[in-house]
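Student: Could you walk me through one part of this model in detail? I would like to follow the sheet, strand by strand, and then see how individual residues sit in relation to it.

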Amino acid sequence: MAKKDKQDKRFERLHREKSGMDSLEVFRDVETGVCYLWRSGGYSGGLTPLLGPDGSPVIQR
């Protein structure tokens with residue numbers, strides 16, 4: 001694997017919704033194209049891959 005420049009980032013944010021202390025964000029892994037959902041509220045949060053109707057990960061190139 002080639003050495004990355006400091007400005008190269010593994011994930012990019014595609015979408016963000018925020019209401020008070022709660023937030024919902026969608027990120028994409030730029031190497032694999034897999035999209036993830038990040039949900040946070042207060043002092044907790046969780047990350048999960050986005051899944052399509054057939055149960056396979058959503059991939060956006």
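Tutor: Happy to; what follows goes from the sheet to its hairpin, and then to two acidic residues. Please keep in mind throughout that this is a predicted model.

Let's begin with the overall arrangement. Four strands make up an open sheet, and their order is β1-β2-β3-β4, with antiparallel pairing. The edge positions belong to β1 (11–19) and β4; each has a single partner strand, so one side of each is left without a neighbour in the sheet. Going from one strand to the next, the twist averages 15°. As general background, strands of a sheet pair through backbone hydrogen bonds, in either a parallel or an antiparallel manner.

Now for the pairing of β3 with β4. Strand β3 covers residues 35–41, and 6 bridges join it to β4 in an antiparallel fashion. Two positions help you find the register on screen: W38 has L47 of β4 as its bridge partner, while L37 stands opposite T48 in β4. The two strands form a hairpin with 2 residues between them. In that turn you will find G42, whose phi is positive, at about 65°.

From here, step across to β2, the strand of residues 22–29, where E25 is located. Is this glutamate buried or exposed? Its relative accessibility is 9%; cut-offs are under 20% for buried, and therefore E25 counts as buried. The side chain of E25 has a polar partner, making a polar contact with the side chain of R13 at 2.9 Å. Leaving aside residues up to four places away in sequence, E25 touches R13, H15, R16, Y36, L37 and W38. Two of these names should be familiar from the hairpin: L37, which faces T48, and W38, which is bridged to L47.

The other acidic residue, D54, is found in the segment after β4 (44–49). D54 counts as exposed because its relative accessibility is 65%. Its side chain also has a polar contact, in this case with the side chain of S56 at 2.8 Å. For a sense of where this segment leads, compare D54 with Y43: 11 residues apart in sequence, they are 32 Å apart in space, C-alpha to C-alpha.

To put the two acidic residues side by side, E25 is buried at 9% relative accessibility, whereas D54 is exposed at 65%.

Definitions and conventions. Residues numbered from 1 in each chain as written. Predicted model: local features only at pLDDT ≥ 70, side-chain atom pairs only at ≥ 80, totals over all residues. Heavy atoms only, no water. Buried < 20%, exposed > 50% of the residue type's maximum accessible area, 1.4 Å probe, protein only. Polar contact = N/O pair within 3.5 Å; in protein donor to acceptor, adjacent residues only side chain to side chain. Contact = heavy atoms within 4.5 Å. Pairing = 2+ DSSP bridges. Axes fitted to C-alpha atoms, helices over the stretch in contact; angles between N-to-C directions.
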